[in-house]
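Trainee: I am new to this structure and would like to look closely at one part of it before I try to take in the rest. Could you go slowly, and give the reasoning behind each label you use?

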Amino acid sequence: MSLRPPGAHSGSAGLQSGLDVLHHEIAGEMASALGRAGRRVEETLARLRVLAADDQARPGLLRDAAEAVHAYFIQRELCGLRRHDAVIREYDIPRAVLARLGAK
């Protein structure tokens, strides 16, 4: 004999569990996208840090880093994380990158 929760005989239980599965899947995809965006920030900032200040590739790399950070901030906001102060400190994002956020 199996035990069923109250309301298990109504059709809404299957629908609710289906929605729970969908919400769980969406949350997993959001976390995965946030992780990928964070790795891109780490990679671009690491490349930027090894370049000399007068290197000709620096302006392009600053642009790439700013685009990566901007995309990461947007992804964080989509996940409900609105404050970026701790992330800026943790990743040690240079002011030169922050000044270019959103600029094309």
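Trainee: Please start with one residue and work outward from there: why does Asp64 count as partly exposed?

Mentor: Before anything else, please keep in mind that this is a predicted model, so what follows describes computed values. Asp64 counts as partly exposed because its relative accessibility is 26%, and that label covers what lies between the buried class, under 20%, and the exposed class, over 50%. The side chain of Asp64 meets that of Arg63 in a salt bridge, with a distance of 3.7 Å from N to O. Arg63, its partner, has a relative accessibility of 46%, and therefore it also counts as partly exposed.

That bridge belongs to a short list, since the count for the structure comes to two salt bridges. The other one joins Asp85 and Arg83, whose closest N and O atoms are 2.8 Å apart. Here the two partners carry unlike labels: Asp85, at 39% relative accessibility, counts as partly exposed, whereas Arg83 has a relative accessible area of 63% and is therefore exposed.

From here we can turn to helix α2, which covers residues 58-78. The helix has 21 residues and reaches 30 Å from its first C-alpha to its last, close to the 30 Å expected at 1.5 Å a residue. Its buried residues begin with Leu61, Leu62, Ala65 and Ala66, continue through Ala68, Val69, Tyr72 and Phe73, and end with Gln75 and Arg76. Ile74, which is also found in helix α2, is partly exposed because its relative accessible area is 41%. Ile74 also has a counterpart far away in sequence: Leu34 is 40 residues apart from it along the chain, while their C-alpha atoms are 9.4 Å apart in space. After α2 comes Gly80, whose phi is positive, near 95 degrees.

Two of the buried residues just named, Tyr72 and Phe73, bring us to the rings. A search of the whole structure finds two aromatic pairs. In one of them, the rings of Tyr72 and Phe73 have their centres 6.5 Å apart and their planes at 40 degrees, so this pair is classed as tilted. Tyr72 and Phe73 are both buried. In the other, the rings of Tyr72 and Tyr91 have centres 5.6 Å apart and planes at 85 degrees, so this pair is edge-to-face. That second pair links distant parts of the chain, for Tyr72 lies in helix α2 and Tyr91 in helix α3 (residues 85-91), 19 residues apart. The relative accessible area of Tyr72 is 9%, so this residue is buried, and Tyr91 is likewise buried because its value is 14%. Taken together, the ring pairs link Tyr72, Phe73 and Tyr91 into a cluster.

Beyond α3, one residue deserves a note on its backbone. Asp92 is placed in the loop between α3 and α4 (95-98), and its phi is near 50 degrees, a positive value in a residue other than glycine.

For a contrast with the buried rings, look at helix α1, which runs over residues 12-50 and contains Leu22. Leu22 has 45% relative accessibility and therefore counts as partly exposed. Together with Leu19 and Ile26, Leu22 forms a nonpolar patch on the surface, and the three have about 240 Å² of accessible area together.

Finally, we can set these parts within the whole chain. The chain has four helices and zero strands, so from the N terminus on, by the way helices and strands are assigned and numbered, its elements run α-α-α-α. Of its 104 residues, 23% count as buried. The accessible surface comes to about 7600 Å², and 56% of that belongs to carbon and sulfur atoms. Among contacts between residues at least 6 apart in sequence, 63% join residues at least 24 apart.

Notes:
Residues are numbered from 1 along each chain as its sequence is written. This is a predicted model: local features need pLDDT of at least 70, side-chain atom pairs count only at pLDDT 80 or more; totals for chains, interfaces and linings use all residues. Side-chain values use heavy atoms; hydrogens and water are left out. Patches are made of residues with over 30% relative accessible area and no salt bridge: like charges are joined within 9 Å, nonpolar side chains (Val, Leu, Ile, Met, Phe, Trp, Tyr) within 5 Å. Accessible areas come from the Shrake-Rupley method with a 1.4 Å probe; for residues, only the protein chains shown count as cover. A salt bridge is a side-chain nitrogen of Lys or Arg within 4 Å of a carboxyl oxygen of Asp or Glu. Buried means under 20% relative accessible area, exposed over 50%, partly exposed in between (1.4 Å probe, protein chains only). Rings of Phe, Tyr and Trp (its six-membered ring) pair if their centres lie within 6.5 Å; planes under 30 degrees apart count as stacked, over 60 as edge-to-face and the rest as tilted. Contact means heavy atoms within 4.5 Å. The expected span of a helix is 1.5 Å times one less than its number of residues.
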